[in-house]
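Trainee: I'd like to learn how to read a protein model. Could you take me through one, feature by feature?

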Amino acid sequence: MAKNKVIIVDDDEFMRDSLLEALVRPDLQVTGFGDAAAALDAAADGSASLLLTDMRMPGMDGMRLLEEAKRLDPKLPVIMMTAFATVETAVRAMKRGAFDYIMKPFKAEEIEVAVNRALEHRRLLAENEYLKDELDKKFRAADFIGKSQAMRAVFGQIRQAAPSSATVFIRGESGTGKELVARSIHAQSPRRAKPLVKVNCAALSAGVLESELFGHEKGAFTGADRRRIGRFEMADGGTIFLDEVSETDLNLQGKLLRVLQEKEFERVGSSETISADVRILASSNRDLEKSVAAGEFRQDLFYRLNVISVELPPLRERKSDIPDLARHFLERFRREEGAAARDISAEALELLAGHDWPGNVRELANVMERLVVLGRDEIIGAAQVENALPKGAGRLIAAPAAGAGELFRPRPLDEVERDFVLAALAYFGGARAKTAEALDISERSLRDRLKRWQEAGTASPAGEA
Ligand SMILES: Nc1ncnc2c1ncn2[C@@H]1O[C@H](COP(=O)(O)OP(=O)(O)OP(=O)(O)O)[C@@H](O)[C@H]1O
Ligand SMILES: [Mg+2]
């Protein structure tokens with residue numbers, strides 16, 4: 001057992017000895033001092049758990065010792081002892097942070113009770129501190145930034161939702177941090193030692209998605225040359241994150257509903273029923289109520305997913321978070337790139353706060369990366385930020401490294417479309433949903449185009465951070 005260090009200060013030797021005797025216990029290591037200065041030296045390393053001091057002493061008195069000791073270690077409980085107790089001195093001592101106050105002469109039991117209470121108090125303080133630290137660390141580990149009212153609310157919801165196995169629906173525009181929410185819920189849940197399996201429902205065609213989720217038997221379809229375990233089975237005991245669940249088709253939605261209700265499913269091409277213990281998190285950057293109203297998303301599945309919902313506000317509605325986020329990304333990219341930039345000026349931050357951030361935090365991360373990589377100075381200034389931010393529609397047309405003349409030079413239509421789409425994507429800070437909406441095409445169609453251009457080697461992977 002780690003012993004609690006107790007320091008006793010009294011100029012009266014007889015008093016000291018009787019206290020030492022009263023406090024002979026296996027859990028205590030008690031040291032007596034005849035003067036306050038020596039006791040203070042002993043307490044200086046912060047290892048003491050409790051200080052008991054006489055009030056009236058030659059040299060430094062009890063009240064001064066109390067103040068000095070509190071300065072060294074604000075959490076050190078101090079018990080004052082005096083033979084000349086008055087209400088005023090007691091009040092004065094308590095005001096200056098004494099934990100307790102006892103009058104001489106006292107019985108051995110009295111001192112014991114006071115000592116136990118003080119040590120218990122100290123222990124709770126330490127425990128409290130530890131728990132708070134642990135909680136903070138969880139968030140820090142996820143590098144989840146945000147002090148705005150809105151983000152504090154989100155963190156609160158995460159903390160509440162994490163311990164259960166309830167389904168959580170995470171909503172928010174593209175780039176607001178939905179994946180980070182999913183990660184922190186899993187990391188704070190009792191399932192944290194088991195896998196968090198992510199499935200991007202928008203990235204796969206309907207057929208592929210089904211076998212990806214539930215697995216398939218050998219020969220289930222052309223190309224299924226062996227049995228494959230699905231993501232639900234991989235996530236057994238853990239969590240599955242159905243990213244962009246709004247992009248699933250109605251057939252698959254029916255199967256998801258069954259998993260939610262019965263925890264059961266079949267591999268593609270098999271009639272054997274499999275069950276898995278999986279917690280489901282789902283996200284959407286689309287208004288699912290609208291999809292339900294349009295008949296594109298099953299209402300019953302929506303209700304099942306929406307048991308607990310966490311809503312991430314767009315960055316433009318929590319601008320107070322921008323400086324912290326900007327510095328966070330600055331630091332991260334500076335370290336990754338070994339770049340010169342160490343800070344960002346107040347004017348530059350103001351410009352960032354003035355921007356609308358259609359691509360939300362992801363767009364801010366991209367802008368900061370550009371600033372850090374391209375910057376030569378230690379401080380990122382307003383002029384650089386001005387250059388890095390898109391400005392209105394004129395910029396959209398001019399963006400593909402060409403003026404209007406270039407845009408209208410006769411050339412293959414596909415090339416024109418590519419330049420225009422990439423410019424639009426850049427304009428929206430890489431936010432695909434926004435870009436697709438503005439171009440009035442589906443996200444899937446946008447993705448297919450990007451993929452095609454990427455494979456043809458005419459576009460760099462855009463839109464994902
Ligand atoms: N509060 C935050 N603190 C730190 N980084 C953040 C925060 N929010 C988002 N990010 C970062 O911004 C990027 C986008 O976040 P994330 O992928 O979680 O967004 P999303 O909502 O899932 O977007 P999408 O809908 O496009 O998938 C990531 O690099 C993420 O780490
Ligand atoms: Mg995401």
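Trainee: Let's start with one residue: is Gln-160 buried or exposed?

Mentor: First, some ground rules. This is a predicted model, where local features need pLDDT of at least 70, side-chain atom pairs count only at pLDDT 80 or more, and totals for chains, interfaces and linings use all residues. Residues are numbered from 1 along each chain as its sequence is written, chains are lettered from A and ligands numbered from 1 in the order in which they are written, and side-chain values use heavy atoms, with hydrogens and water left out. Now the idea: buried means under 20% relative accessible area, exposed over 50%, and partly exposed in between, using a 1.4 Å probe and protein chains only. Gln-160 has a relative accessible area of 69%, so it's exposed. This residue lies in helix H6.

Trainee: And what do labels like H6 stand for?

Mentor: They're DSSP runs, numbered from the N terminus: helices (H or I) have at least four residues and strands (E) at least two. Strand E16, for instance, spans residues 379-380. Ile-379 lies in it, and at 44% relative accessibility that residue counts as partly exposed.

Trainee: Which residues does Ile-379 touch?

Mentor: Touching, or contact, means heavy atoms within 4.5 Å. Leaving out residues up to four places away in sequence, Ile-379 touches Asp-343, Ile-344, Ser-345 and Gln-384.

Trainee: How far is Ile-379 from Pro-314 in sequence and in space?

Mentor: They're 65 residues apart in sequence and 28 Å apart in space, C-alpha to C-alpha. You can do the same with Gln-160 and Pro-390: 230 residues in sequence, 39 Å in space.

Trainee: Okay, salt bridges next. How many does the structure hold?

Mentor: The rule is a side-chain nitrogen of Lys or Arg within 4 Å of a carboxyl oxygen of Asp or Glu. By that rule, the structure holds 35. Take Asp-10 and Lys-104, whose closest N and O atoms are 2.8 Å apart. This pair links distant parts of the chain, 94 residues apart: Asp-10 sits in the loop between strand E1 (4-9) and helix H1 (13-22), and Lys-104 in the loop between strand E5 (100-103) and helix H5 (108-141). Asp-10 has a relative accessible area of 0%, so it's buried. Lys-104 is buried too, at 18%.

Trainee: What about the salt bridge between Asp-100 and Arg-117?

Mentor: There the closest N and O atoms are 3.3 Å apart. Asp-100 is in strand E5 and Arg-117 in helix H5, 17 residues away. Check the accessibility as before: Asp-100 is buried at 14%, while Arg-117 is partly exposed at 47%.

Trainee: Which residue pairs up with Arg-228?

Mentor: Glu-212, in a salt bridge of 3.4 Å from N to O. Arg-228 belongs to strand E9 (residues 228-229) and Glu-212 to helix H8 (residues 206-214), 16 residues apart. Arg-228 is partly exposed at 38%, and Glu-212 is buried at 9%. Salt bridges can also share partners, which joins Glu-179, Arg-183, Lys-198 and Asp-243 into one network.

Trainee: Which residues of H8 are buried?

Mentor: Leu-209, Glu-210, Ser-211, Glu-212, Leu-213 and Phe-214. H8 is followed by Gly-215, whose phi is positive, near 85°.

Trainee: How far from Glu-363 is the nearest side chain of opposite charge?

Mentor: For charges, Lys and Arg count as positive and Asp and Glu as negative; His and the chain ends aren't counted. That nearest side chain is Arg-370, 6.7 Å away, and Glu-363 is buried yet has no salt bridge. Glu-363 is found in helix H15 (residues 360-374). Its contacts, not counting residues up to four places away in sequence, include His-355, Trp-357 and Tyr-427.

Trainee: Last one: what covers the buried residues of H7?

Mentor: First, who's buried: in helix H7 (residues 178-187), they are Lys-178, Val-181, Ala-182, Ser-184, Ile-185 and His-186. The cover includes helix H6 (149-161), strand E6 (168-172) and strand E7 (196-200). Strand E10 (239-243), strand E13 (279-284) and strand E14 (308-312) are also among the covering elements.
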